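I opened this entry to keep track of what I looked up in the model, working from the chain start through the hairpin and the rings to the far end.

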Amino acid sequence: MELTKKLEDYNALLDRKADLAAQTKENNAAIESMKQEIEDMMIDEDITKITAAGYNFSLVNKTEYSKKSEKDLADAGLNFFEVLRNNDLGDLIKETVDRRTYSAACREMVTERGELPDEIQAVTSVYETTDIARRKAK
């Protein structure tokens, strides 16, 4: 049957996607580990630049910055976004809503209330889609 064959092929693609994601995660971990080993070796051997396998490799000092935790900010009585705005960095702030998270929140609201509030309906497109559910057979 042609449909059964298509479903088997679809299942194989989904399995391959999961395998590739796992391999990518493993590969990224191996890259980070190897990178640290190389950095340590270059520092130990006092080598700042080297050419190998047709590439130039060099140690580069970088300074990285990240936002402090919400707890640390709260303890200090600081609002991260206010501080950014007050220091000419307000243009970095981007209000976003993940579409999948929004869809899930709307589904939950409809489940609890029976419908979306009028204000939410006014800013929301509602449409039906068809998907293929996959569950492991017992």
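**Chain start and surface patch**

I began with Met-1, which is exposed at a relative accessible area of 79%, and I keep in mind throughout that this is a predicted model. Met-1 belongs to the segment that precedes helix 1 (2–44). I then asked which residues form a nonpolar patch on the surface with Met-1. The patch consists of Met-1, Leu-3, Leu-7 and Ile-132, and together these residues have about 460 Å² of accessible area.

**The hairpin**

Next I looked up the strands, and found that strand 1 (residues 49–52) pairs with strand 2 (residues 55–58) in the antiparallel sense, over four bridges. For one position I noted the partner explicitly: Thr-51 has Asn-56 in strand 2 as its bridge partner. The two strands, strand 1 and strand 2, make a hairpin with two residues between them, and in the turn Ala-53 has a positive phi of about 50 degrees.

**Rings**

I then turned to the aromatic side chains, where the count comes to two aromatic pairs. One of them is formed by Tyr-55 and Phe-57, with 6.4 Å from centre to centre and 55 degrees between the planes. I recorded this pair as tilted, because planes have to be under 30 degrees apart to count as stacked and over 60 to count as edge-to-face.

Are Tyr-55 and Phe-57 buried or exposed? Tyr-55 counts as exposed, since its relative accessibility is 57% and the cut-off for exposed is over 50%. Phe-57, at 40% relative accessibility, counts as partly exposed.

For a charge over a ring I noted Lys-67, which lies over the face of Phe-80 at 5.4 Å from the ring centre.

**After helix 5**

Finally I checked two residues in the segment after helix 5 (118–122), and Ala-137 is one that has its place there. Ala-137 is exposed, with 70% relative accessible area. I asked how far apart Ala-137 and Thr-96 are in space, and the C-alpha to C-alpha value is 38 Å, for a pair that is 41 residues apart in sequence.

Ser-125 also lies in the segment after helix 5, and Ser-125 is exposed, its relative accessible area being 63%. From Ser-125 to Met-41 I wrote down 56 Å in space, C-alpha to C-alpha, with their positions 84 residues apart in sequence given as the separation.

How values were computed:
Residues numbered from 1 in each chain as written. Predicted model: local features only at pLDDT ≥ 70, side-chain atom pairs only at ≥ 80, totals over all residues. Heavy atoms only, no water. Phe/Tyr/Trp six-rings, centres within 6.5 Å; stacked < 30°, edge-to-face > 60°. Buried < 20%, exposed > 50% of the residue type's maximum accessible area, 1.4 Å probe, protein only. Lys NZ or Arg CZ within 6 Å of the ring centre and 35° of its normal. Pairing = 2+ DSSP bridges. Patch = residues over 30% accessible without salt bridge, like charges linked within 9 Å, V, L, I, M, F, W, Y side chains within 5 Å. Areas by Shrake-Rupley, 256 points an atom, 1.4 Å probe, with all protein chains shown as cover. Salt bridge = Lys/Arg side-chain N within 4 Å of Asp/Glu carboxyl O.
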